[in-house]
Amino acid sequence: MKISTSLTRAARFALFGVALSGIAAATPTAQAVAAEEVNLYSYRQPFLIEPLLERFTAETGIKVNVVFANKGMLEKIKAAGANNPADAVLTVDIGRLYGLKQAGVLDSVKSDVLNANVPANLRDPNGLWFGLTTRARIALVSKDRVAEGELTSYEDLADPKFKGRICIRSGKNAYNVALIASMIANHGEDATRTWLEGLKSNLARKPQGNDRAQAKAVYEGQCDIAIANTYYMAKMQTNDEKPEQKKWADAVRVTFLNQGTDARGTHINVSGAGVLKGAKNRDNALKLVEWLSGDEAQKTYAEVNFEYPVKAGVAVADIVKAWGDFKADTLSMEEIAKQREAATKLVDQVNFDEGPTS
């Protein structure tokens, strides 16, 4: 866990960090709940979030005390109960947002700003969480070994013509669980089980590694098709510190699936935020979430982390724009979240992570 150390945050931030780390769980003092501050949990990386929070403070005068964590955030929130010192949470993946909702730790808010900036399918119907960015789950296909138009849909991934040609990370990875959940929402469990079995039989190797490792496998000739999130492609293309990753990216072509007039569109996932129940600085927490859905923050998300803004009219990064426009699946993220448990069960039932059988 990393805690930011801005001198301007001083003692209030120290108290917040202690409470979040579990060293102390006392009720926050009057000093810790001063009117012009907000306490934030963030799963998002400091390099992306800290500049945004500093700009928010400059514009509003509201100081943001933030703790960055990779895991265990929900457990800390639940354990603290009414003594929870945080006011808002910022995280990635619909699974984490839905988990916060199911745990009952998010507060329902009404905001004309958020309703205007965030499309209905990318926010909770009761105002418990709001999507702030999206990322598409795409195919990265070999420029040399996969012809244009040869792969056009997620359903095609189960076609026997692709036997031994596909690489993917674990079926239990959050991004793949969401993809499988979207298939269930669109086709039902039985059809998705059949599809997942077909995909498994087409794998070139046992599921492994992260999204970048799949592109590397295509570059090395282990497979012809990799499944990955869009921003990983951009990060590889711009990675000056690891030039070998530019070679991986140069070997593949971005392919948005399920396009066309009658197609449902490419599956997307979200990062998002919500206000926590019992927030001592509730109004400021809402102001922060609203600000993150606005033009400046949305533009920063797009340029720094190569994500797609949720607010209409905000431009994507040039490198992302070069891939072309695509039609996104407009299925409610709530409906996808509801199928995550069933998706995880299907992964186990077909022994997906064991890889292809001979």
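A residue counts as buried when its relative accessible area is under 20%. With that cut-off, start at helix α4 of this predicted model. The helix spans residues 94-102. Its buried residues are I94, G95, L97, Y98, L100 and K101. Note the lysine in that list: K101 is buried along with I94 and L97.

What lies over these residues? The cover includes both helices and strands. Among the helices are α3 (73-80), α6, α14 (333-338) and α15. Among the strands are β4 (88-92) and β9 (268-275).

Now look at the two ends of α4. At its start, D93 points a side-chain oxygen towards the backbone nitrogen of G95 and comes to within 2.9 Å. G95 is also one of the buried residues of the helix. After the helix comes G104, with a positive phi near 75°.

Two of the helices covering α4, namely α6 and α15, also pack against each other. Helix α6 covers residues 174-187, and helix α15 covers residues 340-349. Their axes come within 8 Å and cross at roughly 105°. Angles of 65 to 115 degrees count as roughly perpendicular, so α6 is roughly perpendicular to α15. On the α6 side, the contact uses A174, V177, A178, I180, A181 and I184. On the α15 side, the partners are R340, A342, A343, T344, L346 and V347. By class, the residues of this contact are ten nonpolar, one polar and one charged.

Move on to a second helix pair, α8 and α9. Helix α8 runs over residues 211-219, and α9 over 230-237. Their axes come within 9 Å and cross at roughly 65°. The two helices are therefore roughly perpendicular to each other. The crossing is right-handed. D211, R212 and A215 of α8 make the contact with Y232, K235 and M236 of α9. Here the residues divide into three nonpolar, no polar and three charged.

Beyond α9 comes a loop that leads to α10 (243-250), and N239 sits in it. Is N239 buried or exposed? Its relative accessible area is 13%, so N239 is buried. Which residues does N239 touch, leaving aside neighbours within four places in sequence? They are R212, Q245 and K246. R212 also belongs to the contact of α8 with α9. With Q245, N239 makes a polar contact from side chain to side chain, at 3.1 Å.

Methods: Residues are numbered from 1 along each chain as its sequence is written. This is a predicted model: local features need pLDDT of at least 70, side-chain atom pairs count only at pLDDT 80 or more; totals for chains, interfaces and linings use all residues. Side-chain values use heavy atoms; hydrogens and water are left out. Axes are lines fitted to C-alpha atoms, for helices over the stretch in contact, and angles run from 0 to 180 degrees between N-to-C directions. Helices (H or I, at least four residues) and strands (E, at least two) are DSSP runs, numbered from the N terminus. Angles under 35 degrees count as roughly parallel, over 145 as roughly antiparallel, 65 to 115 as roughly perpendicular and the rest as oblique. Contact means heavy atoms within 4.5 Å. Ala, Val, Leu, Ile, Met, Phe, Trp, Tyr, Cys and Pro count as nonpolar, Asp, Glu, Lys and Arg as charged, and the others, Gly among them, as polar. Buried means under 20% relative accessible area, exposed over 50%, partly exposed in between (1.4 Å probe, protein chains only). A polar contact is a pair of N or O atoms within 3.5 Å; within protein, one must be able to donate a hydrogen and the other to accept it, and residues adjacent in sequence count only if both atoms are side-chain atoms. A crossing is left-handed if the near helix is turned anticlockwise from the far one by less than a right angle, and right-handed if clockwise.
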